[in-house]
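This briefing goes through the strands, side-chain contacts and surface of one protein model. The points are grouped by topic and can be checked against the display.

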Amino acid sequence: MIGIDVGGANLKVVNDTGVHIHYCPLWTGAPLKDLLLNYAKSRDDAAAVVMSGELADCFQNKLQGITFIVDSVREVFPRARFYGTDARFHDRPGPELAAANWLASADFLREKYPDAVLLDIGSTTADIIPLSRFPALLGLSDLARLKKGYLVYTGMLRTPVATLISSVDLAGTATPVSTEYFAASADVHLVLGHITQDEYTCDSPDRKEKTVDASLRRLARVVCADLEETGKDGAMQIARAFWDRQRTIICDTVRRVAQENGASSVVVAGIGADIFAHECDGKNLMRELGPAADALPAYAVREVALRTRGK
C-alpha cells in the first residue's frame with residue numbers, strides 16, 4: 001500500500017521505503033504522473049490518495065482539478081482509491097474529494113489523541129483540527145474551515161511576506177511595506193534559523209539562490225530597498241515582524257479552537273512542527289512518527305486504508 005497526497009505545490013508519497021516529498025507546482029505543469037511512476041512496482045499496486053491540488057488556478061474549477069488528479073494517479077495506479085470529506089474511499093472523481101487531506105490526518109489520529117487539537121503547519125497552510133469533533137468535521141469544505149478557523153492560510157515556505165505585515169519599524173520609524181512578491185515566509189524562517197537551506201524546497205520569489213544572504217536581500221526589497229540601505233539589522237527586523245505576526249495568528253487560533261472544543265492538548269505536525277510545538281505548548285509528532293509527520297496526510301490515508309481494508 002502506498003499513500004499519496006497531491007497538493008498544489010507538493011507531492012508527498014509514503015511507502016514501505018519511507019517518506020518522499022517532491023516540489024510539484026501543478027500550476028506550472030509539473031510532471032505529476034512522471035513523479036508517481038518512480039513509485040510504481042506494478043499496475044496492481046494499491047494506493048490510497050488524498051488531495052488539495054484541485055484548487056490550483058491552472059484549473060477552471062475544483063472538479064476539473066479533481067478529475068485531472070484522479071486521472072493522473074490512476075494512469076500509474078489503476079487500483080487507486082481516493083479519500084473524501086465523507087471519510088470514505090472513492091473510485092471516481094467527485095466534489096467530495098476536494099481538500100480531504102486534513103480529514104485523513106484527523107481520522108488517523110482521533111483515537112490516540114481524542115482530546116487534542118491537531119496543528120499541521122506545512123509549506124503553505126496551517127490546518128487546525130479539533131480531533132474530538134470528528135463527526136462534525138465531515139463534509140467541511142476549505143471555505144467552511146476558513147470561516148471556523150480550522151484553516152489558516154499561512155505556512156512556513158510559500159506565504160508572501162506582505163500578506164501578514166503592512167508596516168515594519170525600521171530604526172524607530174514605522175515604514176510601510178511593498179505589496180510586491182519580493183520575499184516569502186521561507187526567507188523569514190531561513191534567516192531566523194527555523195529551517196535549513198535544504199528545507200527551502202519551493203521556488204524563491206526571484207528564482208535565485210536560497211541562501212541566508214539571498215534571503216536577506218529579498219527581505220530588504222519588501223521596503224523597496226537594497227540590503228546595503230537597510231543593513232542586515234533592518235532586513236532581520238522585517239523577518240522578526242513577519243514571524244511575530246504569523247506566530248500570533250496561528251497560536252491564537254489554536255488556543256481559540258481548543259477552548260471552543262474542550263480540547264486539553266495540542267499535537268503538531270508538518271515542516272513547522274518543531275518550532276510550533278514549542279510556541280503552542282504542544283506535542284511534536286516528529287518524535288513519534290519521524291519524517292512521516294512532515295507528510296502526515298499521505299501517511300494517514302495509507303494507515304486509514306490499511307485499517308479499513310476488508311471491512
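**Strand S7 and its sheet**

Ala-116, Leu-118 and Asp-120 point one way from S7, while Val-117, Leu-119 and Ile-121 point the other way, and all are buried. The model is predicted. Strand S7 covers residues 116-121, and 6 of its 6 residues are buried.

- The sheet that contains S7 is open and has 5 strands, in the order S9-S8-S7-S12-S13, with mixed pairing.
- Strand S9 (151-152) and strand S13 (283-284) stand at the edges; each has a single partner strand, so one side of each is left without a neighbour in the sheet.
- Strands of a sheet pair through backbone hydrogen bonds, either parallel or antiparallel.
- S7 pairs with strand S12 (residues 265-269) in the parallel sense, over 5 bridges.
- Val-117 has Val-266 in S12 as its bridge partner.
- The pairing of S7 with S8 is antiparallel and also runs over 5 bridges.
- Leu-118 has Ile-129 in S8 as its bridge partner.
- S7 is joined to S8 by a hairpin through 4 residues.
- S8 and S9 run antiparallel and are joined by 2 bridges.
- Ala-126 stands opposite Val-152 in S9.

**Salt bridges**

How many salt bridges does a search of the whole structure find? The search finds 19, including the ones below.

- Arg-145 forms a salt bridge with Asp-127, and the closest N and O atoms are 2.8 Å apart.
- Arg-145 lies in helix H5 (residues 142-148) and Asp-127 in strand S8 (residues 126-130), so this pair ties together parts that are 18 residues apart in sequence.
- Arg-145 and Asp-127 are both buried.
- Glu-279 forms a salt bridge with Arg-247, with the closest N and O atoms 3.7 Å apart.
- Glu-279 lies in helix H9 (residues 273-279) and Arg-247 in helix H8 (residues 227-260), so the pair ties together parts that are 32 residues apart in sequence.
- Glu-279 is partly exposed, at 25% relative accessibility, and Arg-247 is partly exposed as well, with a relative accessible area of 23%.
- Glu-260 and Arg-256 meet through their side chains in a salt bridge of 3.1 Å, N to O.
- Both Glu-260 and Arg-256 lie in helix H8, 4 residues apart, which is about one turn of the helix.
- Arg-256 counts as partly exposed because its relative accessibility is 35%, between the cut-offs of 20% and 50%.
- Asp-16, Arg-302 and Glu-303 are joined into one network by salt bridges that share partners.

**Aromatic rings**

A search of the whole structure finds 4 aromatic pairs, among them the two pairs described here.

- The rings of Tyr-83 and Phe-89 have centres 5.4 Å apart and planes at 70°, so the pair is edge-to-face.
- Tyr-83 is buried at 1% relative accessibility, and Phe-89 is buried with a relative accessible area of 17%.
- The rings of Phe-108 and Tyr-299 have centres 5.5 Å apart and planes at 80°, so this pair is edge-to-face too.
- Phe-108 in helix H3 (residues 101-109) and Tyr-299 in helix H11 (residues 296-308) are 191 residues apart, and their pair links distant parts of the chain.
- The charged end of Arg-110 sits over the ring of Phe-134, 4.0 Å from the ring centre.

**Surface**

- Leu-55, Leu-146 and Tyr-153 make a nonpolar surface patch of about 310 Å².
- Leu-146 belongs to helix H5 and counts as partly exposed at 43% relative accessibility.
- Where is Lys-41 placed? Lys-41 is in the loop between helix H1 (32-37) and strand S4 (47-51).
- Lys-41 counts as exposed because its relative accessibility is 75%, which is over the 50% cut-off.
- Lys-41 and Ile-4 are 37 residues apart along the chain, and their C-alpha atoms are separated by 15 Å.

Technical notes. Residues numbered from 1 in each chain as written. Heavy atoms only, no water. Salt bridge = Lys/Arg side-chain N within 4 Å of Asp/Glu carboxyl O. Buried < 20%, exposed > 50% of the residue type's maximum accessible area, 1.4 Å probe, protein only. Patch = residues over 30% accessible without salt bridge, like charges linked within 9 Å, V, L, I, M, F, W, Y side chains within 5 Å. Areas by Shrake-Rupley, 256 points an atom, 1.4 Å probe, with all protein chains shown as cover. Pairing = 2+ DSSP bridges. Phe/Tyr/Trp six-rings, centres within 6.5 Å; stacked < 30°, edge-to-face > 60°. Lys NZ or Arg CZ within 6 Å of the ring centre and 35° of its normal.
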